[in-house]
Amino acid sequence: FKKALEQAIASLQERERLVMSLYYKEELNLLETGEEMGVSESRVCQIHSQALIRLKARMADWYQ
């Protein structure tokens, strides 16, 4: 599962990977992540949501 998740994250677009890294690995909140990326908190939320949708689709075999 871990390897599949790593591959799914690696296949995300660059901005989506950055959001995931800052939010989950660096443990920044959405506002801090936006400041780091130079975008608004709401834009970070949109990018994060899109990344989760993509990850969920790519990991579908693991939770069926």
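Two residues are in contact when heavy atoms of theirs lie within 4.5 Å. With that in hand, here are the legends for this predicted model.

**View 1. The whole chain is built from helices, four of them, with zero strands.** Reading from the N terminus, the elements run α-α-α-α. The C-alpha atoms fill a box of roughly 35 × 20 × 15 Å along the principal axes. Of the 64 residues in the protein, 25% are buried. Among contacts with a separation of 6 or more, 57% join residues 24 or more positions apart.

**View 2. E16 sits in helix 2, which covers residues 14-25.** Is E16 buried or exposed? E16 is buried, because its relative accessible area is 4% and the cut-off for buried is under 20%. Setting aside neighbours within four places in sequence, you will find E16 in contact with I47, Q50, A51 and R54.

**View 3. Helix 2 has a buried set made up of E16, V19, M20 and L22.** An α-helix has 3.6 residues a turn, so residues three or four places apart point the same way. The buried residues of helix 2 pack against two partners, helix 3 (30-37) and helix 4 (41-58). The length of helix 2 makes a handy check: its twelve residues should span 16 Å at 1.5 Å a residue, and the end C-alpha atoms are 15 Å apart, so the two values agree. Just beyond the helix, take a look at E27, which follows helix 2 and has a positive phi, near 60°.

**View 4. The largest nonpolar core brings together six residues: A8, L12, M20, A51, L55 and M59.** In soluble globular proteins, nonpolar side chains tend to be buried together. Which residues does L12 touch, leaving aside neighbours within four places in sequence? L12 is in contact with M20, A51 and L55, and also with the arginines R17, R54 and R58. Apart from the largest core lies another, of five residues, including V19, L22, V44 and I47.

**View 5. The accessible surface of the protein comes to about 4,600 Å².** Carbon and sulfur atoms account for 50% of that accessible surface. How far apart are the mean positions of the positive and negative charges? For the 9 positive and 10 negative charges of the protein, the mean positions are 9 Å apart.

Terms used. Residues are numbered from 1 along each chain as its sequence is written. This is a predicted model: local features need pLDDT of at least 70, side-chain atom pairs count only at pLDDT 80 or more; totals for chains, interfaces and linings use all residues. Side-chain values use heavy atoms; hydrogens and water are left out. A nonpolar core is a set of buried Ala, Val, Leu, Ile, Met, Phe, Trp, Tyr and Cys residues joined through side-chain atoms within 4.5 Å. Buried means under 20% relative accessible area, exposed over 50%, partly exposed in between (1.4 Å probe, protein chains only). Helices (H or I, at least four residues) and strands (E, at least two) are DSSP runs, numbered from the N terminus. Accessible areas come from the Shrake-Rupley method with a 1.4 Å probe; for residues, only the protein chains shown count as cover. Lys and Arg count as positive and Asp and Glu as negative; His and the chain ends are not counted. The place of a charge is taken as NZ of Lys, CZ of Arg, CG of Asp or CD of Glu. The expected span of a helix is 1.5 Å times one less than its number of residues.
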